[in-house]
Amino acid sequence: MARDKSIIKKHGKIADEIISLESVYEKLSDSDLAKKTQEFRERLEKGETLDDLLVEAFAVVREAAFRVLKLKAYKVQLIGAIILHQGDIAEMRTGEGKTLTGLFPAYLNALSGLGVHVVTVNEYLSQRDSEINGSVYNILGLTVGLNGRDLSKEQKRFAYAQDITYTTNSELGFDYLRDNMVYRLDQKVQRKLNFAIIDEADSILIDEARTPLIISGGSQNRINLYKAADSFAKTLDQKTDIEMDLESKQVYLTESGIKKAHKFFSIENLFDFRNTELFHLIMNALKALFTFKLEVEYTVQDSEIILIDQFTGRTMPGRAYSDGLQQALQAKEGVEIEDETTTLATITYQNFYRLYSKLSGMTGTAKTEEEEFLKIYNTRVIVCPTNKPIIRVDEPDLTFGTINAKLKHLVRDLEEVTQAGRPVLIGTTSVESSEQVAHYLQKANLKFEMINAKNHHREAEIVEKAGQVGSITLATNMAGRGTDIKLSDEAKANGGLFVMGIERNEARRIDNQLRGRAGRQGDPGTSRFYISMEDELMVRFSSPKLRQMFLKLGDDHIKSKLFTRAITNAQKKLEGLNFDQRKNVLDYDNILSQQREAIYAQRDSILEQESLKVVLSRFHYTIAFEIVERNSELVRGERTINIPLLIQEIDGKFVFEGSLTEVDFIGLEKQEIAKKISEKMMEHYLNKSSSVPHEVISEMERRTILQTLDYHWQKHINLTQKLRSGIYLQQYAQNNPLHEYVEESAKLFNKMKVMIAEETIIKLNGSFVREMKMDEDINFVDLQPKTVNITDKDIDDILKEWDIPKENFGRTAVEKRLKELQKQFKKDKDQLEKVNFQFAVLDGLMKKLDEMFAQQNKQAAELSFEAVEKITKKFNLDKTFTKEQVKESFDKLIKEAEKDEEKTSLLIETQILMAIATQFESNQKEFTITDEEGNVKKVFKTNPDGSISEDDIEDTEQVQTKTKLG
């Protein structure tokens, strides 16, 4: 705290400078104030830093906020803003104006043009804050974007392109993962991660840190196995067949439980390696049945399992437990069991937020977790003083023997407090607990409002009214966070808000958050916790003997500072356990994080490069070196290369047959041999692909490399997850599991890189069948067409004889009729010759018409853009259109035309539009890839420039995304 005081003192002096400029900026007009933004940007370009601009920029924002919001930032809010700008966590009490505080660092850092992300816990707060603060940014000339779950890619890209973007924490992480699964650079939505301001930083950076973000896809159907494991778990006796560790929430089978498993599944040994999968399913079923409670950890809505946030009590739609636990819960509750998916991409919040160049956050309670913030995010937690002294009274805890005694006493206290005209907020730890309290309140005929996972949509509305005289609000944990409880004048006069906590939470800061709902901005208030020895925390951390002693109290209670201290120590212990768990997740994810960054950097490089020949040459060398290694053998203690086997492996597959002989490798080292082979591989590849257009080959190379890289990276993620789940067994061999994981993971990663290179080259080589030979001659034949002079009558006679109506005259109809006539006069030589001559006449006409049509196309192409646009608008057509759409519009317009000039004009315009429509159709071509037998392997649609069409892109983002809790 001593360090905090010196920092606050230093920042306080800067805040005084900002406030002293008030008289200067209040004289400026709105337009002059807005011009300051451009002035600051120009000064940055000339070499000044953001710190140099801080005082003036904050003074400008302070004045703009006053004009728009009628709020003038206090000194303590300016201090908080400086803390945020410096990349630290500002602990600001409830009601101290964190939303306004965030305005200042966001504006200052947005001046750099690199983007600022303001991160909130839910979309309601994102939207609210973007609207409130957005009005201030707009008059200062900055743009504001709002990112959300339901936005399209274009909308997301637009939101991230703004100076300041408001978004939720999970959507931000998902967008990062999805951006690293695209096949073209322009499909990305995010810019470089520059600066993030995190609202409710403790909730996002601590509570959510155990939650890896996972994009999953594919499926593994084991529904019957989940049902069988659930059925087995439900046959067990909780007293004799299982053991439960309440502290760590683990369940184990006893000897009798194992025997029942053998009998139920007709197996001899549950721990045989062949039954590993079954054992895993049984463990999940036991955990789901005995440690996960309905309305506490999850709820069921519309026959679907919805998880509940343990720290806020909010439901988390779209989230699921990983590793089969979600399916175990679905089997337990008898709802539809989803297929288990494989992981396509994953990252933990800790590693994601460490990608930002600068990270800061604000919250009401973070000081108790400062060690974690420092060790993981390298950010200090600095406690900001309150604007007005806190006069809230925090009363000692009341401890009861039973929940019944506790709630009966709570009801009596409630009646007393509400009669005094004070509003009351009751905080519970779960939906189940809140419904239990609600039952007691209803019995006592007390009118109340309730917020929990089942009606969270009314959260903000209920919390806003919670400060009225005599109101009772029952909230699950920290529901309503981000919305202040504002007291009426009468409620203030009666003693302010009374906060009642039903039980202590796992973390002290959650208790502090609940207390902090009362006493905002110097308001009066009171807080008190009601504890029973049957509460989850007490059951986990107290002895049965102590709990038995408390039963003697009956409906009475005790007030003891010693006992309160014991509870605080239990919370500290639990905080330590949770920190260790998060640190453990991070230690393992750090390994994957380094590999992830290497893969994503390689992906970006592939997306950015115009020519991928350098990448392919590296792949060739990787394969060549690996082949050399594979064909090395130990002879009399020395490794020698088996050259005949080496040549046999590469001949005809990676290089031209016979292009390399044993003589070529005499006296060369491994690396030199690999280099020579890789050069021949590139010659072989360039020769094979020489007949393919440059644009197509570039796109194919890019697509093939990325698809292969993604496939093997996803496979690697799932392999490392399996490795991690069993690595703890290494401790029984006196090995450090983390060290073993690092080594094994590195081996898997190196193996993956070789597989990516080899599969890519094999796929590309297999895509082309043409091989040029040096002695191959190419002959060019010049054919001169014959000219035939014909009249209209000749054409009419031929069409009549061929039985083709004039309106059906076209190449398709003519060629079809020719085949019929040739078949008909197969044995009549003279008649067959006549038919062939008539076809030559019609063919000449059709060619002439084609030339005329081509000329119309040319005329259409020479028309100005404005002229074409005018005609398109007249025909009520989109930017791209078909011949059928032109004909349909023409039919409507010709009926409306009265004068001959109008009709003639329409005919000419129709011909122009028909020519353009034909161009549209011809612009979309196809490029076919065949294998060596001539079978079609892939057909790509191509754009006019030869690149692969957008429609033909297999976007991995179409995979359904879920946040999975590891």
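Angles between helix axes that are under 35 degrees count as roughly parallel, those over 145 as roughly antiparallel, those from 65 to 115 as roughly perpendicular, and the rest as oblique. The model treated here is a predicted one, in which local features need pLDDT of at least 70 and side-chain atom pairs count only at pLDDT 80 or more, whereas totals for chains, interfaces and linings use all residues. Residues are numbered from 1 along each chain as its sequence is written, and side-chain values use heavy atoms, with hydrogens and water left out.

**Exercise 1. Classify the packing of α5 against α7, and describe the residues that meet there.**

Step 1. Helices (H or I, at least four residues) and strands (E, at least two) are DSSP runs numbered from the N terminus; on this basis α5 covers residues 75-85 and α7 covers residues 103-110.

Step 2. Axes are lines fitted to C-alpha atoms, for helices over the stretch in contact, with angles that run from 0 to 180 degrees between N-to-C directions. The axes of α5 and α7 lie 8 Å apart, and the two helices pack at an angle of about 40 degrees; α5 and α7 are therefore oblique to each other.

Step 3. A crossing is left-handed if the near helix is turned anticlockwise from the far one by less than a right angle, and right-handed if clockwise; the crossing of α5 with α7 is right-handed.

Step 4. With contact taken as heavy atoms within 4.5 Å, α5 contributes Leu78, Ala81, Leu84 and His85, which meet Phe104, Pro105, Leu108 and Asn109 of α7. Ala, Val, Leu, Ile, Met, Phe, Trp, Tyr, Cys and Pro count as nonpolar, Asp, Glu, Lys and Arg as charged, and the others, Gly among them, as polar, and by these classes the contact of α5 with α7 has six nonpolar, two polar and no charged residues.

**Exercise 2. Carry out the analysis for α7 and α8, giving the orientation and the contact residues.**

Step 1. Helix α8 spans residues 123-139, and its axis comes within 11 Å of that of α7, with a crossing at roughly 40 degrees. That angle makes α7 oblique to α8.

Step 2. α7 passes α8 in a right-handed crossing. On the α7 side the contact is made by Leu103, Ala106 and Tyr107, and on the α8 side by Asn133, Val136 and Tyr137; these residues divide into five nonpolar, one polar and no charged.

**Exercise 3. Determine how α29 is oriented with respect to α30, and give the make-up of their contact.**

Step 1. Between helix α29 (residues 694-726) and helix α30 (residues 737-766), the axes come within 9 Å and cross at roughly 155 degrees, an angle that makes α29 roughly antiparallel to α30.

Step 2. The crossing of α29 past α30 is right-handed, and the contact residues comprise 14 nonpolar, seven polar and six charged.

**Exercise 4. For Asn445 and Gln521, give the backbone phi and the loop, and decide whether each residue is buried or exposed.**

Step 1. Most residues other than glycine have a negative phi. Asn445, although not a glycine, has a positive phi of about 60 degrees, and Gln521, likewise not a glycine, has a positive phi of about 50 degrees.

Step 2. Asn445 lies in the loop between α19 (431-443) and β19 (449-451), while Gln521 is placed in the loop between α22 (508-515) and β22 (525-532).

Step 3. Buried means under 20% relative accessible area, exposed over 50%, and partly exposed in between (1.4 Å probe, protein chains only). Asn445, at 70% relative accessibility, counts as exposed, whereas Gln521, with a relative accessible area of 15%, is buried.

**Exercise 5. Locate Gln571, Glu672 and Lys10, and describe the surroundings of each.**

Step 1. Gln571 lies in helix α25 (residues 561-608) and, at 0% relative accessibility, counts as buried. Neighbours within four places in sequence left aside, Gln571 is in contact with Arg504, Asn505, Glu506, Ala507, Arg508, Asp511 and Leu537.

Step 2. Glu672, in helix α28 (residues 670-688), is partly exposed, with a relative accessible area of 42%; its C-alpha atom is separated by 9.4 Å from that of Phe625, 47 residues apart along the chain.

Step 3. Lys10, found in helix α1 (residues 2-20), counts as exposed at 55% relative accessibility, and its C-alpha atom is separated by 9.2 Å from that of Ile79, 69 residues apart along the chain.
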